[in-house]
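Colleague: Could you take me through the salt bridges in one part of this model? I'd like a close look, with the burial of each partner worked in.

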Amino acid sequence: MHALKKNRPLRRVTLAAAATVTGFVLLLSLKPHTPPAPAEASSSVGRSSTAAPGDSSGNTPESDSGGSAGTSGGSKSTGSKTVTGDTVQTRWGPVQVRITLKDGRITESAAVVYPSDNPRDQEINSYAIPQLRRETLAAQSARIDSVSGATYTSDGYRQSLQSALDSAGL
Amino acid sequence: MSEPVEDAPQELRHAEEVMGTVFSFDVRGGEPGAVRTALEEAVTRLHRVDEVFSTYREDSQISRLVRGEITVEECDPEVAEVLELGAEAERVSDGWFSTRYEGRLDPTGIVKGWAAEHAAQRLAAAGASGVSVNGGGDVQLLGVPGPHRPWRVGVSDPLRPGTLAAVISAAGADELAVATSGTAERGAHIVDPRTGRSAVTDLVAVTVVGPRLTWVDAWATAAFAMGSRAGLDWLESLPDVEALLITAGDEVRCTGGLARRLG
């Protein structure tokens with residue numbers, strides 16, 4: 001390499017082009033390291049909201065394969081445990097998050113209770129909750145401390161998530 | 001593993017429901033007793049700010065001020081401070097940021113960022129070596145979370161559920177704030193002060209990065225209402241401010257210096 005070349009090359013890229021490329025690269029580079037079974041799960045989370053997810057004991061709402069994901073209490077898979085956070089009241093209703101940990105890492109997180117009283121809530125949750133869920137997973141791999149740009153329901157999600165993390169001793 | 005092992009600073013976390021949203025605290029280092037006391041004071045202070053400034057409370061000082069029952073001088077001194085900050089934001093943004101809603105005084109748009117910034121400063125003043133305060137998705141960072149590691153804030157991508165549009169790093173900055181305005185979760189809530197209606201904009205989100213949350217929060221709101229072209233030009237003209245704008249057409253635009261802040 002040109003170790004002696006101290007001057008930085010002058011970059012004359014048009015701002016717009018640089019911005020677009022930067023944004024694009026970011027979108028690519030920030031794809032979360034997908035843990036097992038995330039993609040399909042996320043699409044079904046919102047739909048489950050009409051089916052009183054809080055009542056389906058054992059199963060997280062997105063356990064589409066039925067049963068096998070119900071590791072909550074008694075799974076004997078090594079070092080895996082499920083922790084449910086506090087129910088947090090938000091302006092639009094209660095939010096409660098459940099996480100699954102394996103060897104001290106979050107392998108799954110899901111909102112088990114969230115506002116679904118009206119169509120707008122359901123519409124919001126159909127993308128907001130999966131988004132937050134995956135952000136939780138992405139946050140681990142991206143090592144971020146906080147997220148900008150989410151409000152209300154997502155705050156409830158974060159708060160409940162935090163209480164789950166606290167309970168899990170993380 | 002030849003690197004020396006350094007003790008990670010003590011971590012104190014707290015989430016508080018206040019001002020219609022949740023404030024999340026992540027405080028590192030400092031003398032534990034002093035930091036915990038400062039956190040309690042900061043939380044008490046947030047509730048007090050809500051009492052004084054809430055436009056939803058009939059008996060708040062702001063509501064009484066709007067009804068002409070009291071004067072600014074009779075309010076807590078913070079009221080005059082916030083109104084002055086709001087007036088400055090309005091001047092700098094050429095009216096795109098406003099502390100008036102439907103003709104009435106409503107400083108809501110500047111109170112939350114200001115309150116979160118002050119809460120963070122209180123914790124740093126008490127000796128914390130790293131402070132992160134997230135007030136409803138707008139974040140004030142001070143110091144560092146641990147040895148050799150800067151604070152890092154993910155920016156939600158409003159058009160791609162489950163992904164982040166960017167990660168902002170506070171590396172090299174002792175204070176950094178990240179605020180996002182947008183329609184992502186609850187629909188349009190930003191009003192064009194010129195029409196009094198929901199802002200007509202080609203943007204779905206604006207994230208602004210700068211030293212102080214009071215200002216970046218106001219600038220994000222103003223730029224969102226301006227739209228991508230005028231908003232980007234204006235943000236570029238502000239000192240110490242970088243920004244990321246995402247349009248409804250999924251175009252990502254940012255200020256020239258943002259790359260330095262991407263982590």
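Modeller: Here is a walk through a salt-bridge network in chain B, followed by one more pair from that chain. Keep in mind that this is a predicted model. Searching the whole structure turns up 17 salt bridges over all chains, and the ones below are among them.

Let's start with the network, which links B:Glu11, B:Arg13, B:Asp26 and B:Arg28 through salt bridges. B:Glu11 pairs with B:Arg13, and the closest N and O atoms are 2.7 Å apart. B:Arg13 has 35% relative accessibility, so it counts as partly exposed. B:Glu11 is partly exposed too, at 43%.

B:Glu11 also forms a salt bridge with B:Arg28, this time with 3.7 Å between the closest N and O atoms. That pair joins distant parts of the chain: B:Glu11 sits in strand β1 (residues 11-18) and B:Arg28 in strand β2 (residues 21-28), 17 residues apart. B:Arg28 is buried because its relative accessible area is 6%, under the 20% cut-off.

Now for the other pair: the side chains of B:Arg212 and B:Glu117 meet in a salt bridge at 2.7 Å, N to O. B:Arg212 lies in the loop between β10 (203-210) and α5 (213-226), while B:Glu117 belongs to helix α4 (residues 108-125), so their contact ties together parts 95 residues apart in sequence. As for burial, B:Arg212 is partly exposed with a relative accessible area of 31%, whereas B:Glu117 is buried at 1%.

Conventions. Residues numbered from 1 in each chain as written. Chains lettered and ligands numbered in written order. Predicted model: local features only at pLDDT ≥ 70, side-chain atom pairs only at ≥ 80, totals over all residues. Heavy atoms only, no water. Salt bridge = Lys/Arg side-chain N within 4 Å of Asp/Glu carboxyl O. Buried < 20%, exposed > 50% of the residue type's maximum accessible area, 1.4 Å probe, protein only. Helix = DSSP H or I, 4+ residues; strand = E, 2+ residues; numbered from the N terminus.
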